[in-house]
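I set out to record what I looked up in this structure, entry by entry. The entries begin with a cut-off and then move from single residues to the whole chain.

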Amino acid sequence: MRTNYKLSEETAKKFLKCADDFVCNSPARPEHFMKIMKEHTGVAGGMYGLLDENGLEKRNPVIVALGDSVTAGHFEGLFTPELMKELEEIYAPLSNGGTMADVGKTIFEMGGLPVMEVTDARESYIEKFRDKLIDKYESTSVSVINSGIAGDFLPSMIARADRDVVSHQPDLILINGSLNWFDDRMGDENVYKDLLTQLVRDLKAKTKADIILITPNGDLPFNMQGWVTPEPTTWKRCEKIREVAMEENVCLADARAVWDMAKEIGLDWKELLANQANHPSVEGHEVYARVLMKLFE
């Protein structure tokens, strides 16, 4: 399904200029990955005696992106009256003393969850980032594995990191997992920092990859059919992401700084978000990609 949400030409121009004007504030650069991108050009090395430590042809560089719905490529919502009726049916057991297991049974009987959002992975920032890397390293074929799952949060990402990241032995890891966090159930930003530090150290120990921590796009309270979430505390976690990047000497792609720049020049975050809550527009994904490429300048 294609996303149809677009910014006005003037707004898009101003927004992307913020990304271009942004000065990279990363404490590290992906030196290992850049070296591989220059050397592993997809030309058979066997004829020249240039094989890897196992005597095999050097593989194409691999990137894994670990994240939530933004990484997965989710955009505007599809909350029609028909969908709302289906959701009421799905969650009806909770109103009658049931459990989430009962909700799961209802979903199974209905043949799965209804489509609630436009998913357009072609427009995800990791695909835009890959395109820009190909422009820069024209002789190198680079693979991207999208390990973004809509609705996911950091503790779950840690639980699945071996399966979804380490198993691929990537050369570069992107981590963008701070939007879905519930202070009342999960703890404050310091708990988040401890978990993120744990994840970074674990990935360092189990892979040779460079790691890029990404601060997320701007987000707003979610308002659907009168259901309004609290004001997000994401900005606090952004500060912790920056701290972890500095303390662990890993790369930082500070996309949130660009969103803050956009707000300072008068751009309305609600307009920049395809679902008016936490899914950036196509242009927002372009901002992510441009901020990532700042690390390669």
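Entry 1, a cut-off. I take a residue as buried under 20% relative accessible area, as exposed over 50%, and as partly exposed in between. The model I am reading is predicted.

Entry 2, backbone angles. I looked up Q169 and found a positive phi of about 40 degrees, although this residue is not a glycine. Q169 sits in the loop that runs between helix 7 (154-164) and strand 5 (172-176). Its relative accessible area is 36%, so I list Q169 as partly exposed. I then turned to Q276, which is likewise not a glycine and has a positive phi of about 60 degrees. I place Q276 in the loop between helix 12 (269-272) and helix 13 (282-293). With a relative accessible area of 30%, Q276 is also partly exposed.

Entry 3, the overall fold. I noted 13 helices and nine strands in the protein. The radius of gyration is 20 Å, close to the 19 Å that the globule rule gives for 297 residues, so the protein is as compact as a globular protein of that length. Along the principal axes, the C-alpha atoms fill a box of roughly 70 × 45 × 40 Å. Of the contacts between residues at least 6 apart in sequence, 81% join residues at least 24 apart.

Entry 4, burial and surface. I recorded that 51% of the 297 residues are buried. The protein exposes about 14600 Å², and carbon and sulfur atoms supply 51% of that area.

Entry 5, charges. I looked up 34 positive and 49 negative charges, whose mean positions are 3 Å apart. Side chains of opposite charge can pair when their charged atoms come close. How many salt bridges does the structure hold? I read 24 of them.

Entry 6, E248 and R201. The side chains of these two residues form a salt bridge, with 3.0 Å from N to O. E248 belongs to helix 10 (residues 234-248) and R201 to helix 9 (residues 189-206), so this pair ties together parts that are 47 residues apart in sequence. Is E248 buried or exposed? I count E248 as buried, because its relative accessibility is 11%.

Entry 7, D219 and R256. I found a salt bridge between these side chains as well, at 3.5 Å from N to O. The pair links distant parts of the chain, 37 residues apart: D219 is in the loop between strand 6 (210-215) and strand 7 (223-224), and R256 is in helix 11 (residues 255-264). D219 counts as buried because its relative accessibility is 8%. R256 has a relative accessible area of 5%, so I enter R256 as buried too.

Entry 8, D254 and R242. In this salt bridge the closest N and O atoms are 2.8 Å apart. D254 lies in strand 9 (residues 251-254) and R242 in helix 10, so the pair ties together parts that are twelve residues apart in sequence. I noted both D254 and R242 as buried.

Entry 9, a network. Which residues are joined into one network by salt bridges that share partners? I wrote down D20, K132, E286 and R290.

Key:
Residues are numbered from 1 along each chain as its sequence is written. This is a predicted model: local features need pLDDT of at least 70, side-chain atom pairs count only at pLDDT 80 or more; totals for chains, interfaces and linings use all residues. Side-chain values use heavy atoms; hydrogens and water are left out. Helices (H or I, at least four residues) and strands (E, at least two) are DSSP runs, numbered from the N terminus. The radius of gyration is taken over C-alpha atoms; the globule rule is 2.2 Å times the number of residues to the power 0.38. Buried means under 20% relative accessible area, exposed over 50%, partly exposed in between (1.4 Å probe, protein chains only). Contact means heavy atoms within 4.5 Å. Accessible areas come from the Shrake-Rupley method with a 1.4 Å probe; for residues, only the protein chains shown count as cover. Lys and Arg count as positive and Asp and Glu as negative; His and the chain ends are not counted. The place of a charge is taken as NZ of Lys, CZ of Arg, CG of Asp or CD of Glu. A salt bridge is a side-chain nitrogen of Lys or Arg within 4 Å of a carboxyl oxygen of Asp or Glu.
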